[in-house]
Amino acid sequence: MENIIEQINVNMPHKKKILFLLGSTKSSSANKQIVLLLMQQLADSFEVEIYDSLDKITHFNPDLDNELVPDSVTHFRQAIEQADGVIICTPEYVFSLPGVLKNAIEWLVSTTIYTDKPTALITASSSGEKAHESLNLVMKTIGAKIGNHSSILIKSVKSKINANGNIVDIDTQKLIELLIIDFIKQIG
Ligand SMILES: Cc1cc2nc3c(=O)[nH]c(=O)nc-3n(C[C@H](O)[C@H](O)[C@H](O)COP(=O)(O)O)c2cc1C
């Protein structure tokens with residue numbers, strides 16, 4: 001895939017921060033390969049980071065969603081607050097969002113820190129339709145700013161990525177390019 005950023009004129013006075021949330025904890029994750037590819041493309045123009053401890057966030061409990069909020073949650077909320085934009089990349093598990101991602105999002109519901117946050121959504125899975133629908137609904141509910149081209153479903157993901165982690169499907173490459181261009185516009 002050609003470098004997307006070279007095709008658009010990104011001219012920002014200081015590097016804005018893009019945070020990636022990865023719904024898979026698998027070491028050989030296809031979603032992780034997509035995230036690494038995007039990070040590579042964006043790294044010259046943006047500060048890029050994967051939130052790598054989604055699986056360490058305490059299970060959501062409304063009784064703790066107050067002054068008792070756990071440190072793992074405070075850390076996650078700060079990372080979201082500090083990001084100029086968030087890209088979520090996730091598989092579907094049992095027709096839904098993976099628990100680690102859903103749990104993290106549940107901790108955001110009582111706050112306004114997600115309001116108008118530029119966001120791109122990638123569901124990359126065998127099928128993924130239900131999770132993608134759910135992800136869109138959930139993120140819009142907490143106030144995410146999602147452009148018209150910033151939400152994509154990549155079906156049969158394993159057939160679209162080669163052993164080197166490159167996307168080999170032309171349609172998927174184009175969808176990802178459009179997503180990145182649209183997402184960068186939302187960041188402004
Ligand atoms: C517990 C479990 C449940 C799954 N359920 C679904 C599902 O409902 N729909 C789907 O499209 N794929 C499902 N899959 C397959 C994943 O989409 C596939 O393994 C995908 O590559 C996982 O993404 P990753 O490689 O980034 O971890 C499931 C996989 C696991 C391990």
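In the predicted model, Thr123 is a buried residue whose relative accessible area is 0%. This threonine belongs to strand 4, which covers residues 119-124. Beyond its neighbours up to four places away in sequence, Thr123 touches Thr90, Gly128, Ala131, His132, Leu135, Ile152, Leu153 and Ile154. The contact with His132 includes a polar one, in which the two side chains are joined at 2.6 Å. Thr123 and Lys155 are separated by 32 residues in sequence, while their C-alpha atoms lie 8.1 Å apart in space.

Thr90, one of the residues touched by Thr123, is located in strand 3 (residues 85-90). Thr90 is likewise buried, and its relative accessible area is 0%. The contacts of Thr90, again without residues up to four places away in sequence, are with Gly23, Asn31, Leu97, Pro98, Leu101, Ile122, Thr123, Ala124 and Leu135. Leu135 thus appears among the contacts of Thr90 and also among those of Thr123.

Val48, in strand 2 (residues 46-50), is partly exposed, with a relative accessible area of 22%. Outside the stretch of up to four places in sequence, Val48 touches Ile18, Phe20, Met39, Leu42 and Ala43. Val48 and Lys17 are 31 residues apart along the chain, and a distance of 5.9 Å separates their C-alpha atoms.

These strands form part of a chain that contains 6 helices and 5 strands. Read from the N terminus, the order of elements is α-β-α-β-α-β-α-β-α-β-α. The radius of gyration of the protein chain, 16 Å, is close to the 16 Å given by the globule rule for 188 residues, so the chain is as compact as a globular protein of that length. The C-alpha trace spans about 50 × 40 × 25 Å along its principal axes. Of the 188 residues in the protein chain, 49% are buried. The accessible surface amounts to about 9,500 Å², and carbon and sulfur atoms account for 49% of this area. When contacts between residues at least 6 apart in sequence are considered, 81% join residues at least 24 apart.

The ligand is surrounded by 15 residues, the closest of which are Ser24, Ser29, Glu92, Ser125 and Ser127. By residue class, the shell around the ligand comprises 5 nonpolar, 7 polar and 3 charged residues. Oxygen atoms of the ligand are approached by both side-chain and backbone atoms of the protein: a polar side-chain atom of Ser24 lies at 2.6 Å from a ligand oxygen, and a polar backbone atom of Ser127 is found 2.6 Å from an oxygen atom of the ligand. At Ser126, a backbone N or O atom lies 3.2 Å from an oxygen atom of the ligand. The ligand taken alone exposes 620 Å², of which the protein buries 72%.

The loop between strand 5 (151-154) and helix 6 (170-187) contains Ser156, and Lys160 is found in this loop as well. Lys160 is buried, with a relative accessible area of 19%, a value just inside the limit of under 20% that defines the buried class. Apart from neighbours within four places in sequence, Lys160 is in contact with Ile154, Lys155, Asn166, Ile167, Val168, Asp169 and Thr172. A polar atom of the Lys160 side chain lies 2.9 Å from the backbone oxygen of Lys155. Lys160 and Gly143, by contrast, are 17 residues apart in sequence and 31 Å apart in space, from C-alpha to C-alpha.

Backbone geometry was also examined. Most residues other than glycine have a negative phi. Ser156 has a positive phi, near 45 degrees, although this residue is not a glycine. Ser156 is partly exposed, and its relative accessible area is 38%. A positive phi of about 65 degrees occurs at Asp116, also a residue other than glycine. Asp116 is placed in the loop between helix 4 (99-106) and strand 4, and is exposed, with a relative accessible area of 53%.

Technical notes
Residues are numbered from 1 along each chain as its sequence is written. This is a predicted model: local features need pLDDT of at least 70, side-chain atom pairs count only at pLDDT 80 or more; totals for chains, interfaces and linings use all residues. Side-chain values use heavy atoms; hydrogens and water are left out. A residue is near a molecule or strand if one of its heavy atoms lies within 4 Å of it. A polar contact is a pair of N or O atoms within 3.5 Å; within protein, one must be able to donate a hydrogen and the other to accept it, and residues adjacent in sequence count only if both atoms are side-chain atoms. Accessible areas come from the Shrake-Rupley method with a 1.4 Å probe; for residues, only the protein chains shown count as cover. Ala, Val, Leu, Ile, Met, Phe, Trp, Tyr, Cys and Pro count as nonpolar, Asp, Glu, Lys and Arg as charged, and the others, Gly among them, as polar. Helices (H or I, at least four residues) and strands (E, at least two) are DSSP runs, numbered from the N terminus. The radius of gyration is taken over C-alpha atoms; the globule rule is 2.2 Å times the number of residues to the power 0.38. Buried means under 20% relative accessible area, exposed over 50%, partly exposed in between (1.4 Å probe, protein chains only). Contact means heavy atoms within 4.5 Å.
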